[in-house]
Amino acid sequence: MAEPSWQEQLRLRLVERNAREATFKPIIEQYRRLAQQTKLLKERNTSLLRAVAAVKASGGNAASSGTLEENPVLTAFTQSLELQISSLRDELAAVYKTHGQNAQRLLAMNETLREREEMSRVEAENLRKAKEEITVLRRKVDQHGELMSEKDRTVQILHDEISTLQLELGQIDERNQTLQKDNAKLLQRWLDAKQAEANKLNEANEYYETMRSRDQAVVNWRNGTSSDTPPATQNGVEHTQPSSTAGKGLEKEESRSTMPKDNTPSPSSKTMDLNPNG
């Protein structure tokens with residue numbers, strides 16, 4: 001909080017001084033009245049003493065035989081009474097004035113009291129509404145607390161489920177990686193097997209083409225020999241040995257064409273296994 005300024009300090013000090021001086025104001029007023037009354041009494045006593053002295057100087061007969069206006073004692077006493085009446089009238093006027101001021105202050109205080117009562121009633125109504133709002137807000141706070149607790153429990157359950165699902169996902173990932181490795185191995189084995197089969201088929205085809213070219217060469221040679229050279233005869237006997245020998249050679253070549261060098265069946269008799277596992 002900021003320090004009060006010098007004007008505020010001065011005002012507070014003046015208020016304190018007025019409050020301190022107002023404490024002794026009734027006593028000061030009483031002393032003032034007593035002093036005024038004492039002054040009036042002293043003046044009356046002085047006038048009475050002068051009147052008595054004048055009477056003593058003129059003689060007692062003059063005092064008894066004189067009229068009221070000519071008697072200085074009565075005159076001084078009358079003047080004293082008139083002064084007392086005047087002072088009492090002043091005091092009565094001051095009392096009336098004070099009474100009027102008090103009545104005005106009473107009216108002002110009644111008006112202030114009425115305003116304060118109205119303010120108090122309004123503040124009481126506001127306090128009641130504030131208490132009702134506080135009760136409603138407390139109820140809402142309790143409901144929010146229960147809702148937050150329920151959400152916390154739900155979040156904890158979801159965290160547990162997420163942890164379980166993450167573990168399952170990790171296991172599934174490991175299983176997928178294992179399956180991918182196994183599939184890669186199986187695919188490589190299958191490719192190797194198919195490559196081996198393709199190599200064997202290529203070798204068989206090459207061997208078959210070689211045998212076929214040889215067979216064709218032998219057939220061509222036979223055909224060329226039989227057409228160009230007539231069969232020779234000796235002593236009336238037909239020499240057919242070369243032809244029989246050629247026939248035997250052709251049969252051997254044909255048998256070789258069906259059996260490769262490594263005693264494996266020909267490609268036509270071998271069935272292809274297309275199993276991916278080789």
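Buried means under 20% relative accessible area, exposed means over 50%, and partly exposed lies in between (1.4 Å probe, protein chains only). At 37% relative accessibility, Arg33 therefore counts as partly exposed.

The structure is a predicted model, in which local features need pLDDT of at least 70 and side-chain atom pairs count only at pLDDT 80 or more, while totals for chains, interfaces and linings use all residues. Residues are numbered from 1 along each chain as its sequence is written, and side-chain values use heavy atoms, with hydrogens and water left out.

**Salt bridges**

Side chains of opposite charge can pair when their charged atoms come close. The cut-off used here is a side-chain nitrogen of Lys or Arg within 4 Å of a carboxyl oxygen of Asp or Glu. The structure holds 9 such salt bridges. Three of them, including their N to O distances, are tabulated here.

| Acid | Base | N to O distance |
|---|---|---|
| Glu29 | Arg33 | 3.7 Å |
| Glu118 | Arg121 | 2.3 Å |
| Glu125 | Arg128 | 2.2 Å |

Helices here are DSSP runs (H or I, at least four residues), numbered from the N terminus. Glu29 and Arg33 both sit in helix H2, 4 residues apart, or about one turn. Glu29 is partly exposed, at 30% relative accessible area. Arg32 joins Glu29 and Arg33 in a network of salt bridges.

The pair Glu118 and Arg121 belongs to helix H4, with a spacing of 3 residues, about one turn of the helix. Glu118 is partly exposed at 37%, whereas Arg121 is exposed at 51%. Glu125 and Arg128 are also in helix H4; they are about one helical turn apart because 3 residues separate them. Glu125 is partly exposed at 30%, and Arg128 is partly exposed at 38%.

**Pocket**

Rolling a probe the size of a water molecule over the atoms shows where empty space is left. The search runs on a 1 Å grid over the protein atoms alone. A pocket is an open set of points with protein on both sides within 12 Å along at least five of seven lines; a cavity is a set where a 1.4 Å probe fits but cannot get out. Lining residues have an atom within 4 Å of a point. A volume is the space filled by probe spheres set on the points.

The largest pocket holds about 490 Å³ of space. It is lined by 20 residues, and Arg32, Arg33, Gln36, Glu91 and Ala94 are the closest to its centre. H2 and helix H4 (72–228) are the elements that give two or more residues to this lining. H4 gives the most, with 11 residues. By type, the pocket lining has 6 nonpolar, 8 polar and 6 charged residues.

**Cavity**

The whole structure has 1 cavity of 30 Å³ or more. The largest cavity has a volume of about 30 Å³. Its lining consists of Leu40, Leu41, Arg44, Ser80, Leu83 and Gln84. H2 and H4 each give two or more residues to that lining. The cavity lining divides into 3 nonpolar, 2 polar and 1 charged.

**Surface patch**

Phe24, Ile27, Ile28, Tyr31 and Leu34 form a nonpolar surface patch, with about 570 Å² of accessible area together. Patch residues have over 30% relative accessible area and no salt bridge, and nonpolar side chains are joined within 5 Å. Areas come from the Shrake-Rupley method with a 1.4 Å probe. Phe24 lies in the loop between helix H1 (6–23) and helix H2 (25–58).

Note on methods: Patches are made of residues with over 30% relative accessible area and no salt bridge: like charges are joined within 9 Å, nonpolar side chains (Val, Leu, Ile, Met, Phe, Trp, Tyr) within 5 Å. Ala, Val, Leu, Ile, Met, Phe, Trp, Tyr, Cys and Pro count as nonpolar, Asp, Glu, Lys and Arg as charged, and the others, Gly among them, as polar.
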